[in-house]
Amino acid sequence: MKTFNELDGAHKVFLSTAPKYEDGFDDFKKAVSKATDKFNEISKEIIEIKKTLDDEHKDLKLGALVGKVQELEEKKLHRVVDHQLAKQQALDNPGDDLCEKNARLIKEDMLRVCEEITEVLTEIRYEAVDLDPPA
């Protein structure tokens, strides 16, 4: 979540340089690179966690659920990028209802993906109870 917020903040700063985007492009590019590195690091950790869960708890569906979260997070990242581009397009074309609608629809889809992530995380919590049931 922190990395998404940092990326979003960097994009807002980048948009504030409109219409001279080149003034903020280098800083934005660095922020994107940093976020990409962090996402790759997190992805590797999640792959290891999923592998451990699959190996040690074959009877539970935790590994599959963790994999589902990772897929949804990747989908969310794509939606974030799409939304950033759509917001920029809407900013560059003030009054263009189609650009504004596109940005709004992408954001709505991104929020649906976030809801899916929350649902799968709730499933993980319930499934994890079977690892160490309460006394």
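Q: Why is R104 called partly exposed in this predicted model?
A: Its relative accessibility is 45%. Buried means under 20%, and exposed means over 50%. The value 45% falls in between, so R104 counts as partly exposed.

Q: Where is R104 found, and how far is R104 from L72?
A: R104 is found in helix α4. R104 and L72 are 32 residues apart in sequence. In space, their C-alpha atoms are 20 Å apart.

Q: What makes Q70 count as buried or exposed?
A: The relative accessibility of Q70 is 17%. The cut-off for buried is under 20%. Therefore Q70 counts as buried.

Q: Where does Q70 lie, and what does Q70 touch?
A: Q70 lies in helix α3. Leaving out residues up to four places away in sequence, Q70 touches S43, I46 and I47. Touching here means heavy atoms within 4.5 Å.

Q: Why is R79 called partly exposed?
A: R79 has 22% relative accessibility. Buried would need a value under 20%, and exposed a value over 50%. The value 22% meets neither condition, so R79 counts as partly exposed.

Q: Which residues does R79 touch, not counting residues up to four places away in sequence?
A: R79, in helix α3, touches I106, D109 and M110. Another distance adds to the picture: the C-alpha atoms of R79 and K107 are separated by 7.5 Å. Along the chain, R79 and K107 are 28 residues apart.

Q: How many helices and strands does the chain have?
A: The chain has four helices and zero strands. From the N terminus on, the order is α-α-α-α.

Q: How do you know that the chain is more spread out than a compact globule?
A: Set the radius of gyration against the globule rule. For 135 residues the rule gives 14 Å. The chain has 19 Å, well over that value, so it is more spread out than a compact globule. The C-alpha trace spans about 60 × 30 × 20 Å along its principal axes.

Q: What share of the chain is buried, and how much area does the chain expose?
A: Buried residues make up 29% of the 135 residues. The chain exposes about 9300 Å². Carbon and sulfur atoms supply 55% of that area.

Q: What makes a set of residues a nonpolar core?
A: The residues must be buried, belong to the listed nonpolar types, and be joined through side-chain atoms within 4.5 Å. The largest such core here has 11 residues, including L53, L60, V113 and I117. Helices α3 (62-92) and α4 (97-128) each give two or more residues to this core. The largest share, five residues, comes from α3. Another core lies apart from it, with six residues, among them F4, L7, V80 and M110.

Q: Why might nonpolar side chains be found together?
A: In soluble globular proteins, nonpolar side chains tend to be buried together.

Q: Which residues does I124 touch, not counting residues up to four places away in sequence?
A: I124 touches L62, L65, V66 and V69. I124 and these four residues belong to the largest nonpolar core.

Q: Where does P19 lie, and what kind of peptide bond joins A18 and P19?
A: P19 lies in the loop between α1 (2-15) and α2 (22-56). The bond joining A18 and P19 is cis, with omega about 0°.

Q: How far apart are the mean positions of the positive and negative charges?
A: They are 2 Å apart. The chain has 22 positive and 31 negative charges.

Technical notes
Residues are numbered from 1 along each chain as its sequence is written. This is a predicted model: local features need pLDDT of at least 70, side-chain atom pairs count only at pLDDT 80 or more; totals for chains, interfaces and linings use all residues. Side-chain values use heavy atoms; hydrogens and water are left out. The radius of gyration is taken over C-alpha atoms; the globule rule is 2.2 Å times the number of residues to the power 0.38. Buried means under 20% relative accessible area, exposed over 50%, partly exposed in between (1.4 Å probe, protein chains only). Accessible areas come from the Shrake-Rupley method with a 1.4 Å probe; for residues, only the protein chains shown count as cover. Lys and Arg count as positive and Asp and Glu as negative; His and the chain ends are not counted. The place of a charge is taken as NZ of Lys, CZ of Arg, CG of Asp or CD of Glu.
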